[in-house]
Amino acid sequence: MSVRVRFAPSPTGWLHVGGARTAYFNWLYARAHAGTFVLRLEDTDVQRSSAESESGVLDDLRWLGLRPDEGPDVGGPFGPYRQSERLAIYRDRADLLLARGAAYPCFCTDAELEARRAAAQASGRPPHYDGHCRGLAAPEREALRREGRPESVRYAVEPLDQVLHDEVRGEVRFPAGMVGDFVLLRSSGLPTYNFACVVDDAAMEISHVIRAEEHLSNTARQLMLYAAFGQRPPAFAHLPLILNRDRSKMSKRSGEASVAVGDWRRDGFVADALLSYLALLGFHPGDDREILSRTEMLEAFRFDRVGKSGAVFDPDKLRWVNAHYLHHAEGAELLVWGESFLPPAARELPRERLEALLRGVRGNLTTLADLPAELAPFLGETVTLEPEARAVLAADTAAAACAALADELRGLAEWSGDTFKSAVQSVGARLQIRGRDLFQPIRAALTGRTHGPELPLVAELLGRERAVARLRAAVPQGRTSG
């Protein structure tokens, strides 16, 4: 049997980081087994679904590099891939269950259902549907239809245990009586989640359902439906939840990390870094690696390495992973990733020059949003001194060091990082200034800051003329002696 997996988000908002991890694990499993990665949009929540949310989810998946083999924007042999376009299919499958006696029409109103639920809870009984319409005779049903009562379709649950052999959690048993007769089609004609999910997974020949642990409780109903249709269910793998610091389910709350993929994207995080971090939330690669590329994850991914317990989302760890990717990227990669973060002056530079600057500052980047500040010292003729840099240049020996180095640089026969380094050492020896007292004023004069790339690299990126001009500009008139 060929491997076919699916990611099935509801376009009712942004793509959650937990959804991104689920999509990634599905993508990995498909690619590792030469299978098919299907994208299906579960958009039957008419009130909350929107074209804007659908576009956002699809855009985030493209940004993550998780392109489906089949889906609403690429087509495929099992379409349509939007549930809102499959309503006739659900009606047909519901009619099949009605004909088999596995389902029945229900004419209860919302108010009646709520009153019975409240009564059941008050008496200590499970708030399941009480089967009021299950035994109605055909004439009774026709009479209720003539009254204009709402008509839904319910599944007739049999008192049987349901057993799931989960790829992650092992055997999971759902005891009889856990689930009451449940709705398949609402009176509006729209399917419920569990019904549409089973109909679609069966029709699309999904072999493995890889999804979040929160869906585990739905599986009992889904197993019943597969049995009613006479179809073998797919293999299931339920992934551990991603948690807030207090180990509650991750959600957008004050003081917690963002749950939206788009927020991390807009904040300057790299797609591969985000996926690398998310992959290791609840997954162990079999060794002590903390960062895995897609290729490495493809080699490492197995269900027996997926944990059962929830994993806490640590934004500081994600920043560390992101910084690692940026520090090891080539200029061309940084240009592609960071194009939208570049200041106008950087966009006007020749590509070769810009890539060189990006390589030069990469070691100081945590996110792509750092690019404007890190590039600023190299884009203009002059620099703006930060307070710390101004304080450094006010030190007793700073003016002498900057003035002497400007003269030394002017006389160099060749301009390079190595000759600049030699000039700095020569000035330090002559003025008997060492360490921070020597290097910090030079850095402050050249960049306006007290941190940044190595000084020889700074000099190469600035060029001789700007370096000399900035060193001289940092020397107040009359202050050239140590």
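Mentor: Before we start, a residue counts as buried when its relative accessible area is under 20% and as exposed when that area is over 50%, with partly exposed in between. Keep in mind too that this is a predicted model.

Trainee: Is Phe301 buried or exposed?

Mentor: The relative accessible area of Phe301 is 6%, and the cut-off for burial is under 20%. Phe301 is therefore buried.

Trainee: Which residue forms a tilted aromatic pair with Phe301?

Mentor: The count of aromatic pairs comes to twelve. In one of them the ring centres are 5.0 Å apart with 55° between the planes, and the partner of Phe301 there is Phe25. Phe25 lies in helix α1 and Phe301 in the loop between α10 and β11, so the pair ties together parts that are 276 residues apart in sequence. With 0% relative accessibility, the partner too counts as buried, and its name is Phe25.

Trainee: Which residues do ring pairs link into a cluster with Phe25 and Phe301?

Mentor: Ring pairs join Phe25 and Phe301 into a cluster with three further names, which are Tyr29, Phe283 and Phe303.
A ring of another kind of contact is that of Trp27, whose face has Arg294 lying over it at 5.8 Å from the ring centre. The names you asked for remain Tyr29, Phe283 and Phe303.

Trainee: Which element gives the most to the lining of the largest pocket?

Mentor: The largest pocket has a volume of about 870 Å³, and its lining holds 31 residues, with Pro9, His16, Gly19, Glu214 and His215 nearest its centre. Two or more lining residues come from each of β1, α1, α6 and β8. The element that gives the most, with five residues, is α1.

Trainee: How many charged residues are in the lining of the second largest pocket?

Mentor: The second largest pocket holds about 640 Å³ of space, and Phe182 is among the residues nearest its centre; the charged end of Arg221 sits over the ring of Phe182, 5.9 Å from the ring's centre. From α4 comes the largest share of this lining, five residues. The lining divides into eleven nonpolar and seven polar residues, while the charged ones number ten.

Trainee: Which residue of β6 stands opposite Asp166?

Mentor: Asp166 belongs to strand β5, where it points to one face with Gln162 and Leu164, these three being buried, while Val163 and His165 point to the other face and are not buried. Strands β5 and β6 pair in the antiparallel sense over five bridges, and they form a hairpin with three residues between them. Opposite Asp166 in β6 stands Gly170.

Methods. Residues numbered from 1 in each chain as written. Predicted model: local features only at pLDDT ≥ 70, side-chain atom pairs only at ≥ 80, totals over all residues. Heavy atoms only, no water. Buried < 20%, exposed > 50% of the residue type's maximum accessible area, 1.4 Å probe, protein only. Helix = DSSP H or I, 4+ residues; strand = E, 2+ residues; numbered from the N terminus. Pairing = 2+ DSSP bridges. Phe/Tyr/Trp six-rings, centres within 6.5 Å; stacked < 30°, edge-to-face > 60°. Lys NZ or Arg CZ within 6 Å of the ring centre and 35° of its normal. 1 Å grid on protein atoms, 1.4 Å probe; cavity = no way out; pocket = protein on both sides within 12 Å on 5 of 7 lines; lining within 4 Å. Points joined across faces, edges and corners; volume = space filled by probe spheres on them. Nonpolar A, V, L, I, M, F, W, Y, C, P; charged D, E, K, R; others polar.
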